[in-house]
Amino acid sequence: MAQHTIATALPTRLAALAALGLLLTACGNEPTEVGAPAPGSESSPSAPDQDAPSAEEEGTESPQEAPDGDSTTELTIERSLSDEGGLSPESGFEEGVWTLSCAPEGGDHPAPEAACTEIEEVGTDPFLLDTTDMMCTMQIGGPEVVRVTGHIGDTEIDTEFNKRNGCEIDRFAAVESVIDP
């Protein structure tokens, strides 16, 4: 019977741990993303330069404002319920279509001032975030579905908000004054 010594077992165990580490690193990433820096890390090439002056410091207009200072935000917000049975919407959620414009606030949105303030605070990120390849908690928050189309500044918006997983629930909450006041 062959005997294993620490000298022969250790390299095998180290190789297994290294392989496990590669699997954990690659989990949730596309094959081309393996080994890429994590989103939001300082070494990410797409991360904004902390030392770069902002648009206001450079004297240029922010993307959400036209040269005359008026906002060019124009959104259509379509609220509906998914066909998933057994789920109840939050109290007060009603199906329908609203319009929202900012500066001056307007449209038939029930709370345009709060909605425009929230858009100014969060920007376009929640409207552009794609959670398709993100690792999210497996939970369902409700049957609410909200489709938002239009534009915020020069950014075209065409997205759907729902509560089908933890990432989408967080995304829904990030713009709640806009889509569910």
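On the other side of helix 3 from its buried residues, Glu120 and Glu121 sit exposed. That helix is a handy way into this predicted model, so to speak, and the rest of the fold can be built up around it.

Which residues of helix 3 are buried? They are Pro112, Ala115, Cys116, Glu118 and Ile119. Looking down the axis of helix 3, these buried residues fall within an arc of 160°, so they line one face of the helix. Their cover includes strand 1, strand 2 and strand 3, along with helix 4, helix 5 and helix 6. Just after helix 3 comes Gly123, with a positive phi near 70°.

Now for the overall layout. The protein has six helices and four strands, running α-α-β-β-α-α-β-β-α-α from the N terminus. Of its 181 residues, 28% count as buried. Among contacts with a separation of 6 or more, 59% are between residues 24 or more positions apart. The protein exposes about 11,900 Å², and carbon and sulfur atoms supply 53% of that.

The largest nonpolar core has 19 residues, and Leu100, Phe127, Val148, Val178 and Ile179 have the most contacts inside it. Each element in this table supplies at least two residues of that core:

| Element | Residues |
|---|---|
| Strand 1 | 74-81 |
| Strand 2 | 96-101 |
| Helix 3 | 112-122 |
| Strand 3 | 144-152 |
| Strand 4 | 155-162 |
| Helix 6 | 176-179 |

What does Val148 touch, leaving aside its neighbours within four places in sequence? Val148 is in contact with Leu75, Thr76, Ile77, Phe127, Ile157, Asp158, Thr159, Phe161 and Ile179.

Technical notes
Residues are numbered from 1 along each chain as its sequence is written. This is a predicted model: local features need pLDDT of at least 70, side-chain atom pairs count only at pLDDT 80 or more; totals for chains, interfaces and linings use all residues. Side-chain values use heavy atoms; hydrogens and water are left out. Buried means under 20% relative accessible area, exposed over 50%, partly exposed in between (1.4 Å probe, protein chains only). Contact means heavy atoms within 4.5 Å. Accessible areas come from the Shrake-Rupley method with a 1.4 Å probe; for residues, only the protein chains shown count as cover. A nonpolar core is a set of buried Ala, Val, Leu, Ile, Met, Phe, Trp, Tyr and Cys residues joined through side-chain atoms within 4.5 Å. The arc is that of the directions from the helix axis to the C-beta atoms.
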